[in-house]
Amino acid sequence: MTIADLEIITADDTPTSPSRAAIDDTAPFALALIPFGLAVGGASAAAGLSFGTAMFGALVLLAGAAQLAAVETLGSGGDILAVVIVAGLINVRFVLYGAGVATWFEGLPLRHRLLLVYPVVDQTFMLCQRRFEEERDLGWRQQYYLTVTALLVAAFIGSQVLAFQLGSGLPAGLGLHLAAPLAFAGMLAGSVRGRTELITGLVAAVIVIGSAGVLGPLGLPVGVVAGVAAGIRVSS
Amino acid sequence: MTAILAFSFAAAITYFMRSSVTLAGAAASAPRIGPWLALVSPAVLMALVASSLVLDHGTVVVPHGGETLAIVLAAVAVRVSGNVSMALAVGLPVYWLTSALGLG
């Protein structure tokens, strides 16, 4: 999702109720999360995780791409360190989202801000960043942010529960195993703005694939560091 | 138990990333690290996509034609529309179609 997706949100059609505005804005994104949640739930079951363990992972991480990568890493025999490295690398963008939350709720006590930052994800950041460009008081912002979060979490966790309930009832032909690469490819297409990002990604991919037989799960962090270094060199 | 521990540590790292700017009280410094952090996402995402296509448990394999086409068209759809949810909306039907046609 990019800011361009949110052009429908204008000052003229802004509902005065923060909850109503949040529901209107979030609905399409919450719906889009359902197949992804089904894929994550299906992958968790396929990796041999119990329902309780999968839900624990979903709730403590609250980060779909990282959860899926963690599940796949566990399913392929990866250890705890590999899972933590993979999840950490995927979620490093959350530093920027956290900076957004810190700015939006600057007037609140620290403990409130530390609670509010916990569930921030891509969609929350994009939606709130756009909405909060308008003058809104802290109460309005909190209610909007929490409603967006509740809807996204409900869609994502609910679809994972559904995937576990359906179990083997989900046909393999649905291609849900492809949901993660598709979502990653979509995010990638949205994050590549020019030559620098392209070279960064290509270097990382080549190194990860080329070193797979030697480095195993460590190929990812090595490839990412090399890719970022290449990108910085190209851009400087 | 391994999975619970892995999720717990991963969640701790993730929360640290989310809260680091708040804890540091340095929201104004975020723009300085932004360009570096912005390169991490393309690197991780392209590595994951490429791995999903050509690696099978650490072994390089020939990519599945239908899956490759689905991923490429999904990326194009997102690029054109600017809407990430189009990745699944386009990619999955392309995969279903290529599978039904026996491509790949």
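Q: How many helices and how many strands does chain A have?
A: This is a predicted model: local features need pLDDT of at least 70, side-chain atom pairs count only at pLDDT 80 or more, and totals for chains, interfaces and linings use all residues. Residues are numbered from 1 along each chain as its sequence is written, while chains are lettered from A and ligands numbered from 1 in the order in which they are written. Helices (H or I, at least four residues) and strands (E, at least two) are DSSP runs, numbered from the N terminus. By that rule chain A has 12 helices and zero strands.

Q: What percentage of the residues of chain A score a pLDDT of at least 70?
A: pLDDT is the predictor's confidence in each residue, from 0 to 100. Chain A averages 83. The share of its residues scoring at least 70 is 92%.

Q: How many contacts does the stretch with pLDDT below 50 in chain A have beyond near neighbours in sequence?
A: The stretch is residues 1–12 of chain A. Two residues are in contact if their C-beta atoms, placed from the backbone, lie within 7 Å. Beyond near neighbours in sequence, the contacts of this stretch in the model number 19.

Q: Among contacts in chain A between residues at least 6 apart in sequence, what percentage join residues at least 24 apart?
A: Chain A holds 236 residues, and 52% of them are buried. A residue is buried if 20 or more other C-beta atoms lie within 10 Å of its own, exposed if 12 or fewer, and partly exposed in between, with C-beta atoms placed from the backbone. Of the contacts in chain A at a separation of at least 6, the share joining residues at least 24 apart is 70%.

Q: Is A:Leu62 buried or exposed?
A: A:Leu62 sits in the loop between helix H2 (51–61) and helix H3 (64–75) of chain A. Its phi is near 45°, a positive value in a residue other than glycine. Most residues other than glycine have a negative phi. Because A:Leu62 has 23 C-beta neighbours inside 10 Å, it counts as buried.

Q: Which residues does A:Leu116 touch, not counting those up to four places away in sequence?
A: A:Leu116 belongs to helix H6 (residues 110–116) of chain A. It has 22 C-beta neighbours inside 10 Å, so it counts as buried. A:Gln142 is 26 residues away along the chain, with a C-alpha separation of 8.5 Å. The residues that A:Leu116 touches are A:Val101, A:Phe105 and A:Tyr145.

Q: How far apart in space are A:Leu218 and A:Val208, C-alpha to C-alpha?
A: A:Leu218 lies in the loop between helix H11 (212–215) and helix H12 (219–235) of chain A. With 14 C-beta neighbours inside 10 Å, A:Leu218 is partly exposed. A:Val208 is one of the buried residues of H10(A). The two are 10 residues apart in sequence, and their C-alpha atoms are separated by 8.6 Å.

Q: What pattern does chain B follow along the sequence?
A: Chain B has four helices and two strands. Of its 104 residues, 44% count as buried. The order along the sequence is α-α-β-β-α-α.

Q: On which residue is the kink in H1(B) centred?
A: H1(B) has 23 residues and reaches 32 Å from its first C-alpha to its last, close to the 33 Å expected at 1.5 Å a residue. That expectation is 1.5 Å times one less than the number of residues. The bend at a residue is the angle between axes fitted to the seven residues ending there and the seven starting there. The kink in H1(B) is about 45°, centred on B:Arg18.

Q: What arc do the buried residues of H3(B) cover around the axis?
A: The buried residues of H3(B) include B:Gly66, B:Ala70, B:Ala74 and B:Val78. They lie on the same side of H3(B) because the buried set covers a limited arc, taken over the directions from the helix axis to the C-beta atoms: only 165°.

Q: Which residues are exposed on the other side of H3(B)?
A: H3(B) is followed by B:Gly82, whose phi is positive, near 75°. On the side of H3(B) away from its buried residues, the exposed ones are B:Gly65 and B:Val80.

Q: How many nonpolar, polar and charged residues are on the side of chain B that touches chain A?
A: 62 residues of chain B are in contact with 80 residues of chain A. Helix H1 (2–24), helix H2 (30–54), H3 and helix H4 (86–100) of chain B each give two or more residues to this side. Ala, Val, Leu, Ile, Met, Phe, Trp, Tyr, Cys and Pro count as nonpolar, Asp, Glu, Lys and Arg as charged, and the others, Gly among them, as polar. By class, the side has 42 nonpolar, 17 polar and three charged residues.
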